[in-house]
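Colleague: I would like a close look at one part of this protein, namely the stretch that the record annotates as repeats. Please take me through it residue by residue, and set it against the chain as a whole.

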Amino acid sequence: MPRGDETPTGRRPIRSALDPLSQPYFSGLTTAASMAKEAIMGGLGSDYRRSESMRILSDLTPAMMNPRIIGQASSSKRSLPPGARPHSLLRLPTSLPSSFATISTKTTSSSLAILESVDKLASLSLDQPRLHSLQEEQPSLIRGFKATIPSSEMAKQRRRLIRGGMAEEELGGKMGLKRLGDRARGLLTEGGEEGEGSESSADVGGRRSRRKAREKRRAGEGKHVKGKYHLEDLVKQADEIAQDKDNLQTRSVSYSLIHAEIGEVSAKIDTLEEIRRRLEESLLHLQEEQLELDDELEGVQELMTSPEMTSAAGTKALPNSASGLSTKSSRRRRGPAFLPSEHDDLPSGVAFMTLMGHTGPITALDFDEPYGMLVTAGQDDVVKVWDLCDGEEIGQLRGHNGMVKALQVEDTLCLTGGADGAVRLWDLRLVDDFEDRLQKMTQHEDERNVLDRIAEHDDGEGFDWDEGPSGYTDHTAMSRLEEDNGPCVRVLEGHSKAVTSLYYEDNVLVTGSSDKTIRKWDVTTGQCVLTMDILWAISNPPPQAPSAPSSSSRRKPALRHRSSTSFGSNHYDDLLPSPGPGTGLMGAGMSGAQLLAAATSAQFAVPTPPYADGTWEMYQDFVGGLQFWGYALASGSGDGGVRMWDLRTGQAHRTLVGHTAPVTCLQFDENHVVTGSLDKTIRIWDIRQGAVAETHRYEYPVTALQFDSRKVVACTGENGVEVYNRTTHAHTRLIVNGHTKPAEKLRFIDRYLVSGGRDGCAKVWSM
């Protein structure tokens, strides 16, 4: 029910809410008068009261006789009509205390607006929170104390003991369950072995009495239990049960507190997990910095041992840290690249330069250094040289009959392997000059009359002409210009089919071809010094040393010592592991029989799995990748095998088995070999154990890869370039301003990456 000062909606006006606040200030004078009265009338009392009254009066007189207070009291009485009380809002203190009397007050528009709106504010209602309902829900402190003290459980324990005693009485006494439990756990019971005879006789008697008690209870159908309880006992137990339920209900109020504590603990756990994650990221960042410093130190040491530094130093001794090091090829260079300071301003993971010039997919690319010279080759049978500073084309490398499938750039030397089986060595410093001479001669020939050029030849002998879009073109002049080979400084011939991979270091060149051979060349003399036959290695595998089984070998014990070159096998499926059901020529892998048949056929050709854009082609590169270091050579071939060769003997001494499709790319360092394949996987092999350390699967075939101590960068049949962080094991993809068709080839140095795609474009990335 609403109170007398409340409206029917449960609200009461502000006037009644402000009365208690303004009442102490309005009754100030009344209180002072009562104190004066007490002081004056105190003289009629005892001496103590008289002295106390005089003290109060003496203390109160200065305040009562203050002219300011007397003036305010008189003015307030004159402003009010007789018998009227001031407004509740006006009774609030509107002046500062006496201690702040020296501070001047200033009337503002806000204070005047408040005074003008007093009546309107007084008519508003003020919600009165009903706290009594909430207080009724919360138990009192005494009630909560009684519900949680240990004595609140005594009634329940007493009822349990009463029922237990009745049950034991019905069963004919104690059964010795505790002793049975102790014996079951192997514990010694009271009495030990001495009392076993007496206990056994007592047990026999107890069992008889318990059987009689059970028969009696069945006959009585529970009436004997009712007879042992009195009405007062049952009423008392009912009251105790009700009290226990009430105590339980009281304790249940603390459920919210328990849930709140659980929430706090969960929040603390989340906070700790976040702290742990940040610490792990910091640790991984420190590891990456350590690897970067190691690479930088190795790069500085390589520069210290370079011929230029040693010749400039003369007789000066090199530091001990530089001893025992040899200059490495750029394929295995680990030191940081000398990037311009503007490179740091580039956004990471964005292709900031696009080189367009090929009309077909790019088949190979390489550059000497960041912002240096780039060489690209495409299916349009054109090899272009680019300036990476401004993205302009410098010229072309003309000489191959067909497309170029493999190339490498070392300083100013470029090596290309073409579909004609030849390997050409180019001096990139001569390209610009050759293009100028070619352009001048072409302009001179275009200015001459066609009839005059024909008249120079007797009966057209030795005249090579063709009718093109711009008229008759004389190829004889170009042939005369190319007789000096232009930028080409040497041609190596020996392969009978296309050269599909090559690797050059320290005047030694190793090439792999679709004729299923690997050749070692002396670049200085241009002679082939060693030929390795892959088919012979397949039919004569090296003896496999027993090794510790890997995780995959534990799942398939039959593959523990299986090799792709197992000799004496009766079935082709035993030579290579099968990828499983549901895979075929267009799937992720091939069966052992299919792959071996394709590898040993006269013309090697297998269909690639579809790329991200749905296109596919026939893959004919039997040697997909190779690299050597000293006398150690690693190659990946069309049979899916990764072989380790000895360049001194030309023998394969180890074969790494795992890929179920041709290997398309390969690279290795001191501890690991990383390979990519058409089976849509990248495998990181541990050379020391001869087993796979990591396997990364993708949706499309892997066509190119390169790695260093911190990351693995690969082309995986999609428009973006895949980057795998070897420290954090995180996968990212470079897609911003990237290729419009799948990327196929790549090359990076430090944080500078160039990729080539099936769209005929080369993209330059900042990593």
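Modeller: What follows begins with the chain as a whole and then moves through selected residues of the annotated region.

Please keep in mind throughout that this is a predicted model. The chain has 767 residues, of which 38% are buried, and its secondary structure comes to 21 helices and 34 strands. Of the contacts in the chain with a separation of 6 or more, 53% are between residues 24 or more positions apart. The accessible surface comes to about 45200 Å², and carbon and sulfur atoms account for 55% of that area.

The region you ask about is defined by the record: an unreviewed UniProt entry places the feature "repeat: WD" at residues 355-396, 397-429, 492-531, 633-655, 656-695 and 736-767. Two of these spans can be described by their ends and their content. Residues 492-531 are 65% strand and 0% helix, with end C-alpha atoms 14 Å apart; for residues 633-655, the corresponding values are 65% strand, 0% helix and 12 Å.

For contrast, consider helix α14, which runs over residues 255-304. Its 50 residues should span 74 Å at 1.5 Å a residue, and because the end C-alpha atoms are 73 Å apart, the expected and computed lengths agree. The buried residues of α14 are D295, E298, G299, Q301 and E302.

Returning to the annotated region, M403 is a useful place to begin. This methionine sits in the loop that links β7 (392-396) to β8 (404-410), and it counts as partly exposed because its relative accessibility is 21%, whereas buried would require a value under 20%. Leaving out residues up to four places away in sequence, M403 touches T363, G378, Q379, D381, G418 and A419. In the case of G418, the two residues are 15 apart in sequence, and their C-alpha atoms are 5.8 Å apart in space.

The next residue, T511, belongs to strand β15, which covers residues 508-513. T511 counts as buried because its relative accessibility is 0%. Its side chain makes two polar contacts that deserve inspection: one, of 2.7 Å, goes to the side chain of H495, and another, of 2.9 Å, goes to the side chain of W521. Both H495 and W521 also appear among the residues that T511 touches beyond four places in sequence, a list that further includes V423, V499, S501, L502, T517, I518, R519 and L626. The C-alpha atoms of T511 and G417 lie 8.2 Å apart, although 94 residues separate the two in sequence.

Just after β15 comes K516, in the loop between β15 and β16 (517-522). This lysine is buried, since its relative accessibility is 4%, and its phi is near 65 degrees, a positive value in a residue other than glycine. Most residues other than glycine have a negative phi. A second lysine can be described in similar terms: K680, in the loop between β25 (672-677) and β26 (681-686), has a positive phi of about 70 degrees although it is not a glycine. K680 counts as buried because its relative accessibility is 18%.

Close to that loop in the account is H659, which is found between β23 (651-656) and β24 (663-668), again in a loop. At 1% relative accessibility, H659 is therefore counted as buried. Its side chain makes a polar contact of 3.1 Å with the side chain of D679, and a further polar contact, of 3.4 Å, joins it to the side chain of T681. The residues in contact with H659, neighbours within four places aside, are G640, V642, T675, G676, S677, D679, T681, R683 and W685.

Further along the chain, D708 lies in the loop between β28 (704-707) and β29 (711-715). D708 is buried, because its relative accessible area is 14%. A polar atom of the D708 side chain lies 2.8 Å from the backbone nitrogen of K711, and beyond four places in sequence D708 is in contact with R726 and F748.

Finally, a word on cysteines. The structure holds zero disulfides. C488 is buried, with a relative accessible area of 6%, and C761 also counts as buried, at 12% relative accessibility.

Key. Residues numbered from 1 in each chain as written. Predicted model: local features only at pLDDT ≥ 70, side-chain atom pairs only at ≥ 80, totals over all residues. Heavy atoms only, no water. Helix = DSSP H or I, 4+ residues; strand = E, 2+ residues; numbered from the N terminus. Buried < 20%, exposed > 50% of the residue type's maximum accessible area, 1.4 Å probe, protein only. Polar contact = N/O pair within 3.5 Å; in protein donor to acceptor, adjacent residues only side chain to side chain. Contact = heavy atoms within 4.5 Å. Areas by Shrake-Rupley, 256 points an atom, 1.4 Å probe, with all protein chains shown as cover. Disulfide = S-S within 2.5 Å. UniProt positions renumbered as here; feature names shortened; annotations may be inferred. Expected span 1.5 Å × (residues − 1).
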